[in-house]
Amino acid sequence: AICFLNSLILVPLVIVTFFSALATASKSIFFASNNLLSLRGNGALTAPSTPAFCAILADDADKTTGSEHQLGVGSERFDQGGNFASDQFVAPVTGKYQLNLTLRMTDVPANATYITIQIKTSNDNYSQVLTPTIDKSFESLCLSVLADMDANDTAHISFFQSGGSAQTNIDSESFFSGYLAC
């Protein structure tokens, strides 16, 4: 019990000493040569090994109606951890992932019954629905979710238009992003 009490007294002292030293310099915590955490002198805490990505969707013209389409990626803004490939994110570890989609569509027809966008994961699908009432030169939909993902689960974006003219386009001002939140 005495050792346990000594540990309780020693640990806060070490933590206080560590954070006091940060007032003037940046410090990092490494494990096996990997930078796990960096605490900057200004108080900013970063985790450079945390999986994170931002993909820019490809221009995609005249989506057909009545069929689900997995949307393609034109480029990656960043892919921390290298877990984004083949138009999908693969979770490297089990956890909760914040996934975000901003989808800009052009030439949205008023005669479409509805348009559905989804973030589809191995565990669940998360949807946003648009019911057009007038022709629009552009329309944007946003979707965010804190998704439960297991290691090797995937996440991608899908588009579905029911009825109407097959003229809806996906604009390259569309983004799919995510990161391991906890």
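**Notebook: strand E4, cysteines, confidence**

I looked up burial along strand E4 (residues 52-57) and found six of its six residues buried, so the strand is largely enclosed by the rest of the structure. I note that this is a predicted model.

Next I checked which way the E4 side chains point. Ala52, Cys54 and Ile56 point one way, while Phe53, Ala55 and Leu57 point the other way. Both sets are buried. I expected an alternation, because side chains in a regular strand alternate between the two faces of the sheet.

Then I looked for the pairing partners of E4. E4 runs antiparallel to strand E6 (residues 73-80), and six bridges join the two. On that side I find leucine 57 opposite valine 73 of E6. E4 is also joined to strand E15 (residues 175-180), by five bridges and again antiparallel. Here cysteine 54 stands opposite serine 177 in E15.

With cysteine 54 in view, I searched the whole structure for disulfides and got zero. I looked up two other cysteines for exposure. Cysteine 142 has 47% relative accessibility, so I log it as partly exposed. Cysteine 182 has 59%, so I log it as exposed.

Last, I read the confidence values. The protein chain averages a pLDDT of 83, and 77% of the residues score at least 70. Among the elements of the chain, strand E8 (residues 88-90) has the highest mean pLDDT, 97, and helix H1 (residues 2-21) the lowest, 45. Over residues 1-17 the pLDDT is below 50, and I find one contact for this stretch beyond near neighbours in sequence.

Definitions and conventions. Residues numbered from 1 in each chain as written. Predicted model: local features only at pLDDT ≥ 70, side-chain atom pairs only at ≥ 80, totals over all residues. Heavy atoms only, no water. Disulfide = S-S within 2.5 Å. Buried < 20%, exposed > 50% of the residue type's maximum accessible area, 1.4 Å probe, protein only. Helix = DSSP H or I, 4+ residues; strand = E, 2+ residues; numbered from the N terminus. Pairing = 2+ DSSP bridges. pLDDT = per-residue confidence, 0-100. Contact = heavy atoms within 4.5 Å.
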